[in-house]
Amino acid sequence: MSTATAPASPDPRKLVLLGAGHAHVQVLSELARRPWPDVEVTLVSPHPQLFHFPMVAGYVAGRYSLDACNIAIEPLVRASAVTWVRRSAVALDANRRMLRLDDGTELTYQWLSVNTGAVQDRDQIELDLPGAREHGLFVRPFAALGALWPKVVELAESRARRVAIVGGGDTAMELAMAVRHRLPQAALTLVAGTAGVASGQPAAMRERLVLALKQRRINVLPDQATRLNDTELTLGSGARLACDVALIATGVSAPAWLQGSGLACDADGFMTVDACQRSSSHANVFAAGDVSTRQDGLLPRNGRAAVSAGPTLAANLAAMAAGRHATAHTAPARALKLLAYGDGHGVATWGAHTLQGRVAWWWKDWLDRSFVRRLRQTSPPDS
Ligand SMILES: Cc1cc2nc3c(=O)[nH]c(=O)nc-3n(C[C@H](O)[C@H](O)[C@H](O)COP(=O)(O)OP(=O)(O)OC[C@H]3O[C@@H](n4cnc5c(N)ncnc54)[C@H](O)[C@@H]3O)c2cc1C
């Protein structure tokens, strides 16, 4: 976005919430409980729902309906009495306090809070894996996978399908095990990249995950997917894998519109924030969730971290509007991680401790459902 023109005078006491992500739905819920006097709040978000991503494996496995994983935005908007602009942001000029939307309109603000998540960069993925754009089923944004997955399941009823999952991280492993549960007859391959599965995990955890995949008849290939067409996936080794469906679950990138926004970003293009979730370059901008990187390195980039930052973000936005100081979001010293195996089992890790089995799944299921339920119960203070 150009910075050559004269600065626009920002609207006074105007807060823009960009993206209805996991932290912002909690900001809306807090606003419904305790409105902030004299602050005009606008939510910019194109989607009518927030899909609670940690439940995606449960959805693919057939344990949850789509509805069970979705948080409707409209009731939150109504309860919090904010203005909802159903558009996406395409550019930001943080120095001019100006946000440009996909219909060309420009929004000015005094304060901005960003919670738009990360993206799968389709241009880059297409360069690395030609054919992915046309033939791959991307996990982000979720709408396409959510709509197409029931069709895949239906097709698999007529004959066993060959499914490949491209990726070697938590998401890819969870999805592979979820697909196995839903499609027990499918030939299932995880193309994990040359580093193999769970490469960043401690050795003990990695061994558990490798065994869990093996027990579920998932063929794990430590190889690179290099080309995809409608019938096969070509690998770096030159091998060709027959494939009816390819789920693309490779890593995430920062949204392109952050480039040139003037906000301080890390080497990968994610917004850097301090312990108060405040931009490290612009004191009137906050962010939480996957779009941001904590400078202290204390919050990982995942759904649970995005959820945990929500209450602090809400408190700090309220404090800023009231002229008070922001407070730090104290991230837990040891992050809890929960992975579902799709079949009612799972694994939990917390520091050096690991728990595998049904209890881990129950724990994850309870946490995820509780989050969705809590937001669904949001109502205005006088109701
Ligand atoms: C398949 C899969 C499985 C996962 N499983 C787990 C798990 O088990 N546990 C876990 O902790 N994490 C999991 N994750 C990671 C988790 O999904 C993310 O870390 C989490 O969704 C981040 O939350 P967020 O609020 O930052 O962003 P999001 O949940 O992505 O929400 C961002 C919102 O902003 C909106 N938006 C995006 N761009 C714009 C724009 N330009 N303008 C306006 N609005 C915009 C989007 O529509 C979306 O509603 C998984 C991810 C995937 C893909």
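## Two domains

In this predicted model, the domain assignment splits the protein into domain 1 (14-119 + 253-333) and domain 2 (122-248). Their C-alpha centres are 30 Å apart. Across the boundary, twelve residues of domain 1 make contact with twelve residues of domain 2.

Both domains also take part in holding the ligand: domain 1 (14-119 + 253-333) and domain 2 (122-248) each supply at least three residues to the shell around the ligand.

## The ligand and its shell

Let us look at that shell. The ligand is surrounded by 30 residues, and the closest are His22, His47, Phe53, Asp290 and Gly303. Sorted by class, the shell has twelve nonpolar, twelve polar and six charged residues.

Oxygen atoms of the ligand meet polar atoms of the protein at several places. The side chain of His47 has an N or O atom 2.5 Å from a ligand oxygen. Asp290 takes part through its backbone, with an N or O atom 2.8 Å from an oxygen atom of the ligand. For Lys364, a polar side-chain atom is found 3.0 Å from a ligand oxygen. On its own, the ligand has 990 Å² of accessible area, and the protein covers 89% of this. Helix H8 (170-182) and helix H10 (303-321) are the elements that give two or more residues to the shell. Of these, H10 gives the most, with three residues.

## A buried helix

Is helix H1 (residues 24-33) enclosed or open? Nine of its ten residues are buried, so H1 is largely enclosed by the rest of the structure. The buried residues of H1 are His24, Val25, Gln26, Val27, Leu28, Ser29, Glu30, Leu31 and Ala32. Since buried means under 20% relative accessible area, each of these residues of H1 falls under that cut-off.

## Val119 and Ser261

Val119 belongs to the loop between strand E9 (111-114) and helix H5 (122-128). The bounds of domain 1 (14-119 + 253-333) place Val119 at the end of one of its segments. With 31% relative accessibility, Val119 counts as partly exposed, because that class lies between the 20% and 50% cut-offs. Beyond its neighbours within four places in sequence, Val119 is in contact with Val252, Ser253, Ala254 and Pro255. Its C-alpha atom is also 9.0 Å from that of Asp290, although the two residues are 171 residues apart along the chain. Asp290, you may recall, is among the residues closest to the ligand.

Ser261 sits in the loop between strand E17 (245-248) and strand E18 (271-273). Is Ser261 buried or exposed? At 1% relative accessibility, Ser261 counts as buried, because the cut-off for that class is under 20%. The side chain of Ser261 reaches the backbone nitrogen of Leu263 at 3.2 Å. Setting aside neighbours within four places in sequence, the contacts of Ser261 are Leu92, Asp93, Ala94 and Asn95.

## An exposed loop at Ser237

The loop between strand E15 (232-235) and strand E16 (240-242) holds Ser237. Ser237 has a relative accessible area of 56% and is therefore exposed, as the class begins over 50%. The side chain of Ser237 reaches the backbone nitrogen of Ala239 at 3.4 Å. Between the C-alpha atoms of Ser237 and Arg217 the separation is 22 Å, and these residues are 20 residues apart along the chain.

## Backbone features worth a look

Most residues other than glycine have a negative phi, and most peptide bonds are trans. With that background, a few places in this chain invite a check of the backbone.

Where is the cis peptide bond? A cis bond joins Arg140 and Pro141, with omega about -15°. Pro141 is in the loop between strand E10 (136-138) and helix H7 (142-158).

Ala81 has a positive phi of about 55° and is not a glycine. The loop between helix H4 (73-80) and strand E5 (83-85) contains Ala81. Ala81 has a relative accessible area of 68%, so this residue is exposed. Arg97, again not a glycine, has a positive phi of about 55°. Its place is in the loop between strand E6 (89-93) and strand E7 (98-101). At 27% relative accessibility, Arg97 is partly exposed.

Conventions: Residues numbered from 1 in each chain as written. Predicted model: local features only at pLDDT ≥ 70, side-chain atom pairs only at ≥ 80, totals over all residues. Heavy atoms only, no water. Near = heavy atom within 4 Å. Polar contact = N/O pair within 3.5 Å; in protein donor to acceptor, adjacent residues only side chain to side chain. Areas by Shrake-Rupley, 256 points an atom, 1.4 Å probe, with all protein chains shown as cover. Helix = DSSP H or I, 4+ residues; strand = E, 2+ residues; numbered from the N terminus. Nonpolar A, V, L, I, M, F, W, Y, C, P; charged D, E, K, R; others polar. Domains from an automatic or database assignment. Buried < 20%, exposed > 50% of the residue type's maximum accessible area, 1.4 Å probe, protein only. Contact = heavy atoms within 4.5 Å.
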